[in-house]
Amino acid sequence: MKTIMYTLPFALMLTAGSAFSAELNGAKLYLDKTCASCHGAEGNKPIADNYPKLGGQSAKYILERLKAYKAGEIKGGQAAIMTPMASMLNEEEMEAVANYLAEVTCTPAG
Ligand code: HEC
């Protein structure tokens, strides 16, 4: 039991590092996982006014939101749409997409 308790945080620390995300292409994932069909090109052109813009958002925030959707922790609003989307991503993929979205420039709504 002790072993599990000590190894788990260590394993999480390793995943949080850049070892995996460097191999994944966040921009490609964003397209392949159909995120762009709702959030638009580079997360800057959501298809509806009540769909959030993601481009230029902090990677940490996006990652936390994706994890929370996947865990079913976000309810109400339009969370039911996003929960299955986030569930398609594993943690490394979430990180790669989050890093990609944080890197693109946020363009003001027009
Ligand atoms: C079918 C349309 C649709 C698709 C496809 C979609 N999203 Fe979303 N997304 C939404 C909606 C609607 C919300 C707002 C949900 C709410 O009210 O909680 C949202 C919210 C989010 C948020 C939270 C933003 C914030 O400011 O809190 C993130 C991050 C996000 N989406 C990332 C993604 C990623 C990454 C993908 C691809 C894996 C994706 N979305 C695919 C519709 C979509």
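**Figure 1. Order of the elements in the protein.** From the N terminus onward, the elements of the protein follow the order α-α-α-α-α-α. The model shown is a predicted one, and it contains six helices and zero strands. Of the 110 residues in the protein, 23% are buried. Among contacts in the protein whose separation is 6 or more, 66% join residues that lie 24 or more positions apart.

**Figure 2. Close-up of T34 in the loop between α2 and α3**. This view is centred on T34, which is found in the loop that runs between α2 (26-32) and α3 (36-39). Although T34 is not a glycine, its phi is positive, with a value of about 65 degrees. T34 counts as exposed because it has 11 C-beta neighbours inside 10 Å, and a residue is classed as exposed when 12 or fewer other C-beta atoms lie within 10 Å of its own.

**Figure 3. Close-up of E42 in the loop between α3 and α4**. The residue at the centre of this view, E42, is placed in the loop between α3 and α4, the latter helix spanning 59-70. E42 is a residue other than glycine, and its phi has a positive value near 50 degrees. Because 20 C-beta neighbours lie inside 10 Å of E42, this residue counts as buried, the cut-off for that class being 20 or more other C-beta atoms within 10 Å.

**Figure 4. T34 and E42 viewed together.** T34, in the loop between α2 and α3, counts as exposed with its 11 C-beta neighbours inside 10 Å, whereas E42, in the loop between α3 and α4, counts as buried with 20. Phi is positive in T34, at about 65 degrees, and positive in E42, near 50 degrees.

Methods. Residues are numbered from 1 along each chain as its sequence is written. This is a predicted model: local features need pLDDT of at least 70, side-chain atom pairs count only at pLDDT 80 or more; totals for chains, interfaces and linings use all residues. Helices (H or I, at least four residues) and strands (E, at least two) are DSSP runs, numbered from the N terminus. Two residues are in contact if their C-beta atoms, placed from the backbone, lie within 7 Å.
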